Amino acid sequence: MNLKRTCGRRRRAALLTVAAMVVSAPLAAGSAAHGHDPGSARTADELAVAAPSMRLRTAWPQAMQTSNFTVVGHSDLGGGGLNADVWVHRGFAYVGVWSGPCPASGVKVADVRRPQAPRVVSRLANPKGTSAEDVVVRTVRTKAFTGDLAVVGIQACDDPQKSNAFRGLQFWDVSDPSAPRPLSQWRSSFGGCHEVDLVARGSRALAACAEPFAEPAVGADEVDVVDVTDPAQPRKVSGFALKRDTGIDSEKTPENVGCGKASFAHSVRFTGRGSTLFVSYWDVGTLRFDVRRDGARLNLVSRADIAPPDEDGDNHSMTLALDGLVMLVNPEDFSPEDPKCAQFGGWGEVHVLTNNRGTPLHLATFSTPNSRSTRKDGFFSVHNTEVVKRTQAFSSWYSDGIVWWTLANPLRPRMRGQFVPPPTEDPQGVFPPVPLVWGVFPDRRSDLIFASDLNSGLWILRPTGLGTF
């Protein structure tokens, strides 16, 4: 079977294309609400070879930019770069590692109880030949385990059909973050778990995994729910496969739209204390499932499809706002970096929809001037969004840094602030020295915002005036 590239390979090709471009324009200031697929002429391997030798002419500001943010602290996390998602739990930040040259440097654990001076205290090791992009930590209390439990998504860096590396879920006891203890592994069916989640449901605990392309590749579920009530003995209890369970064929149109047509499960997210699971699919939409208490059954109740009006329809991730009445969908749009996709316009926007059973209603969009443009001296797609105080949204927006925007009026979202880290050399020699903010995590206990940048590491920010909401 001639399989499409996996999600990680597709993002890698797109980001490496950006790395090959000469930086020639200054960062646009300001933002506003805006209502209304990756691929490359060269392979990722060719670009990986070319990028380190490039000498970029940069017109980017050489200092960070802030509007309504104060920088509280920063750490380069040991200086290895390729920093992926960030999670904060009980005064410790957990930062994953992207694939790239696949250094397998593990999830970095940083003590941020003194946010002015974060320091790395341990690592959650990932196997050689894998990445560990996504990590979630929860406090779990069951008969078998009481403490802080971490789940890490492990993916094969090479062709999953040829790689012998473990891929799937790793579970760690991080009750003492400075001395994490490995508990178990759960092996997935194909390339590994791209994004993950973990929820405590009373005396039970469930983990979820999104495994891109598992169904067309090997006929397996692309969504896995794993019972980790005893995290030393994880066991799969349910799953979902698009074609098998809905009849939608991910290899055929009209489901596949935009630039780089492919449908796959990208992200999973529990809400309602685990009673609901959202799964974000490229080119299919964000699917909402009811979850039986023991996790043994998923019942599909709605599908939020953003295409149309979105030209590309690549649902990357989601979150809820306004006490769950509103859903925010983040499409990861690579169109401007591919000359064949000029008709698809800019880098995309966040879509605001109602969150309801059946067909959600499209309310509005929010974007930045750069994400509405086709500029190619950075990477201006939104990545993730998190919401605090019901209406305050914080988005990691790659080269636009962290964007703070408000949904006080969900029909007319507007910008509140922005933080863009300074351009930083990639220690791995993959990316140009431009901001590439991947992860965002709002710590509701301290009203601090944590951001992870692929090149420069962990940033700790304080939004000005957040306490007034």
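1. Conventions. Helices (H or I, at least four residues) and strands (E, at least two) are DSSP runs, numbered from the N terminus. This is a predicted model, in which local features need pLDDT of at least 70, side-chain atom pairs count only at pLDDT 80 or more, and totals for chains, interfaces and linings use all residues. Residues are numbered from 1 along each chain as its sequence is written, and side-chain values use heavy atoms, with hydrogens and water left out.

2. Overall make-up. The chain holds 4 helices and 31 strands. Of its 469 residues, 63% are buried. Buried means under 20% relative accessible area, exposed over 50%, and partly exposed in between (1.4 Å probe, protein chains only). The exposed surface of the chain is about 17,000 Å², and carbon and sulfur atoms supply 48% of it. These areas come from the Shrake-Rupley method with a 1.4 Å probe; for residues, only the protein chains shown count as cover.

3. The open sheet. One open sheet has 5 strands in the order β2-β28-β27-β26-β25, with antiparallel pairing. Its edge strands are β2 (65–67) and β25 (384–388), each pairing on one side only. From one strand to the next, the twist averages 20°. Axes here are lines fitted to C-alpha atoms, for helices over the stretch in contact, and angles run from 0 to 180 degrees between N-to-C directions. Two strands pair if DSSP finds at least two bridges between them. In general, strands of a sheet pair through backbone hydrogen bonds, either parallel or antiparallel.

4. Inside that sheet. Strand β27 (residues 402–406) runs antiparallel to strand β28 (residues 414–420), with 5 bridges. T406 has R414 in β28 as its bridge partner. V420 also belongs to β28. V420 is buried, at a relative accessible area of 2%. Its C-alpha atom is 10.0 Å from that of F69, although the two residues are 351 residues apart along the chain.

5. The β29–β30 hairpin. Strand β29 (residues 437–443) is mostly covered, with 7 of its 7 residues buried. It pairs with strand β30 (residues 448–453) in the antiparallel sense over 6 bridges. D443 is bridged to L448 in β30. The two strands form a hairpin with 4 residues between them, and D447 in the turn has a positive phi of about 60°.

6. Nonpolar cores. A nonpolar core is a set of buried Ala, Val, Leu, Ile, Met, Phe, Trp, Tyr and Cys residues joined through side-chain atoms within 4.5 Å. The largest has 68 residues; Y94, L124, L169, F171, F450 and L458 touch the most other members. Another core, of 21 residues, lies apart from it and includes L206, V223, V268 and F289. In soluble globular proteins, nonpolar side chains tend to be buried together.

7. F450 in detail. What does F450 touch, not counting residues up to four places away in sequence? The list is V86, V88, V112, G439, V440, F441, D443, L458, W459 and I460. Contact means heavy atoms within 4.5 Å.

8. S75. This serine sits in strand β3 (residues 69–75). Is S75 buried or exposed? S75 counts as buried, because its relative accessibility is 10%. Its side chain reaches the backbone nitrogen of L77 at 3.0 Å. That is a polar contact: a pair of N or O atoms within 3.5 Å, where within protein one must be able to donate a hydrogen and the other to accept it, and residues adjacent in sequence count only if both atoms are side-chain atoms. Leaving aside neighbours within four places in sequence, S75 is in contact with P118, S456, G457 and L458.

9. Cis peptides. A cis bond joins A307 and P308, with omega about -10°. The bond from P308 to P309 is also cis, with omega near 10°. P308 lies in the loop between β20 (298–304) and β21 (315–321). P309 is in the loop between β20 and β21 as well.

10. Positive phi outside glycine. N68 is not a glycine, yet its phi is positive, about 65°. N68 falls in the loop between β2 and β3. At 33% relative accessibility, N68 is partly exposed. L322, also a residue other than glycine, has a positive phi near 50°. L322 is found in the loop between β21 and β22 (326–331). With a relative accessible area of 12%, L322 is buried.
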